[in-house]
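Biologist: Could you take me through one part of this model slowly, and then show me what sits around that part? I'm in my first year, so please keep it plain.

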Amino acid sequence: MQTVPAPATWFSVRWQEGRLVILDQRRLPLEEVYVALESPGDVFQAIRDLMVRGAPAIGLVAAWGLVLAAEGSAAPDGPALVAELEAVAAELATARPTAVNLSWALTRMLARARAAGAGGPAAVRAALAAEAAAIQAEDEAAGRAMGEHLLALLPEGEAGILTHCNAGQLATSRYGTALAPIYLGVERGRRFRVYADETRPVLQGARLTAWELARLGVDTTLICDDMAASVLQQGKVDAVIVGADRIAANGDTANKIGTLGVALMARYFGVPFYVAAPLSTVDFALPDGRAIPIEERPPEEVTEGLGRRIAPPGVKVYNPAFDVTPHDLITAIVTERGVARPPLGAALARLAGRG
Ligand code: MRU
């Protein structure tokens, strides 16, 4: 992996001139550093180390990771190359456990590779490049569509929105999920007042959401996570909008740790709580949220802050990266194909063409 020059207009993930280039999210907001990932090993490391994060973006880079694997392979024929790709995909799938978009993208890429296998390595390489580009284009279109649906749910005047973590362009190929109505609304002259939870412990809200919304010129107020209740109580928020890493068939939703608390507060104060996610985030194989695997991250993310240790040595730490919001706390799940309202399970199945 190597650093490459920053582009004139920022992006999160892009395939350019045969290279997979990402904005290194660990360095934001102080430094805007772009890195070219050159092998599946680089892709694995980038996902695991949060250089690239956010469910759709993780799926995207994994898809391009298989393109890199195919290009770097010396397999003599199609089936041998497909077998290599299966091994690489199995490894990449373990980089992070919660976002189902990762295995969804890898499964889709492998299906395309298998279908092209009889045509030999060149056919597999071409098919994979086309599929990864399609996943990226579909993600952008899905963001735009979710933005449209969400805009219709927000008040016409200046809308107050509270969001948690980062579910914007940094987490996707362009519009984001939860932030999509803001990107689209700004294009149309709509005004927003956004409250961004800082999102302890890794501070995706403070570092990333605040950074990208400032770039967009949106009125953004950063709050510590424990201030959200007060902001909701003061009537400053018309809607809470968050993203998702995995949604079970009944609508239970895994998202960044702290989301459950925000959902509970929103319910108490009568504020709509919307989840924005492409249908690729719905895992219909899981009946409810209890089986969603929750990533636990290193204790240092909790015991350290502001560049130094903030807790006594030896203290016990619990550091789950995600929590699960029960479906009955969710006002609606907004997908690219429309708005799922309770009962969420039936509505999601209908939107996915399964019901
Ligand atoms: O640990 P992260 O930063 O990858 O967690 C990201 C989130 O929880 C996002 O809210 C989710 O992936 C949706 S991104 C459109």
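Modeller: Let's start with glutamate 295, which lies in the loop between β12 and α10 (300-303). Keep in mind that this is a predicted model. Is glutamate 295 buried or exposed? Its relative accessible area is 7%, and buried means under 20%, so glutamate 295 counts as buried. What does glutamate 295 touch, leaving aside its neighbours within four places in sequence? The contacts are Arg96, Pro97, Thr98, Asn319, Pro320, Ala321 and Phe322.

Two of those contacts lead us onwards. Take Arg96 first: glutamate 295 is in contact with Arg96, and Arg96 is also one of the residues that come nearest to the ligand. There are 17 residues around the ligand, and the nearest are Arg53, Arg96, Asp245, Asn255 and Lys256. For some of these we can look at single atoms. Aspartate 245 has a polar side-chain atom 2.7 Å from an oxygen atom of the ligand. In the side chain of asparagine 255, an N or O atom is 2.7 Å from a ligand oxygen. With lysine 256, a polar side-chain atom again lies 2.7 Å from an oxygen atom of the ligand. How much of the ligand does the protein bury? Taken alone, the ligand exposes 410 Å², and the protein buries 99% of that.

Now the other contact, Phe322. Glutamate 295 touches Phe322, and strand β15 covers residues 322-325. β15 belongs to an open sheet of 4 strands with mixed pairing, in the order β12-β9-β10-β15. Why do β12 and β15 each have one side without a neighbour in this sheet? β12 (282-283) and β15 stand at its edges with a single partner strand each, so nothing pairs with their other side there. At the β12 end, β9 (residues 246-248) runs parallel to β12 and is joined to it by 2 bridges. For example, isoleucine 247 has valine 282 in β12 as its bridge partner. Asparagine 255 and lysine 256, which we met at the ligand, fall in β10 (253-256). Helix α9 (residues 259-268) lies across β10 and β15, at about 35° to β15.

There is another sheet to look at, and α9 will come back there. This one is an open sheet of 7 strands, again with mixed pairing, and its order is β7-β6-β5-β8-β11-β16-β17. β7 (219-223) and β17 (338-340) are its edge strands, each pairing on one side only. On average, and ignoring direction, neighbouring strands here are turned by 25° against each other. At the β7 end, β6 and β7 pair in the parallel sense over 5 bridges, with valine 194 opposite threonine 220 in β7. Here is α9 again: the helix packs on this sheet, touching β5, β6, β8 and β11 (273-276), and its direction makes about 145° with that of β11.

A second helix goes over this sheet too. Helix α6 lies across β5, β6 and β8 and runs at about 155° to β6. How many of the 8 residues of α6 (residues 180-187) are buried? The count is 6, so to speak the helix is mostly covered. Those buried residues are Ala180, Pro181, Ile182, Tyr183, Leu184 and Gly185. Their cover includes α5 (121-151), β5 (159-163), β6 (192-197), α7 (204-216) and β8 (239-242). After α6 comes glycine 189, with a positive phi near 80°.

Follow the chain past β6 and you reach the loop between β6 and α7, home to both proline 201 and leucine 203. Here it helps to know that most residues other than glycine have a negative phi, and that most peptide bonds are trans. The bond from arginine 200 to proline 201 is cis, with omega near 5°. Leucine 203 has a positive phi, near 65°, and is partly exposed, with a relative accessible area of 26%.

So, back to where we began: glutamate 295 is buried, with Arg96 and Phe322 among its contacts. Arg96 took us to the ligand, and residue 322 took us to β15 at the edge of its sheet.

Technical notes. Residues numbered from 1 in each chain as written. Predicted model: local features only at pLDDT ≥ 70, side-chain atom pairs only at ≥ 80, totals over all residues. Heavy atoms only, no water. Pairing = 2+ DSSP bridges. Contact = heavy atoms within 4.5 Å. Axes fitted to C-alpha atoms, helices over the stretch in contact; angles between N-to-C directions. Near = heavy atom within 4 Å. Polar contact = N/O pair within 3.5 Å; in protein donor to acceptor, adjacent residues only side chain to side chain. Areas by Shrake-Rupley, 256 points an atom, 1.4 Å probe, with all protein chains shown as cover. Buried < 20%, exposed > 50% of the residue type's maximum accessible area, 1.4 Å probe, protein only.
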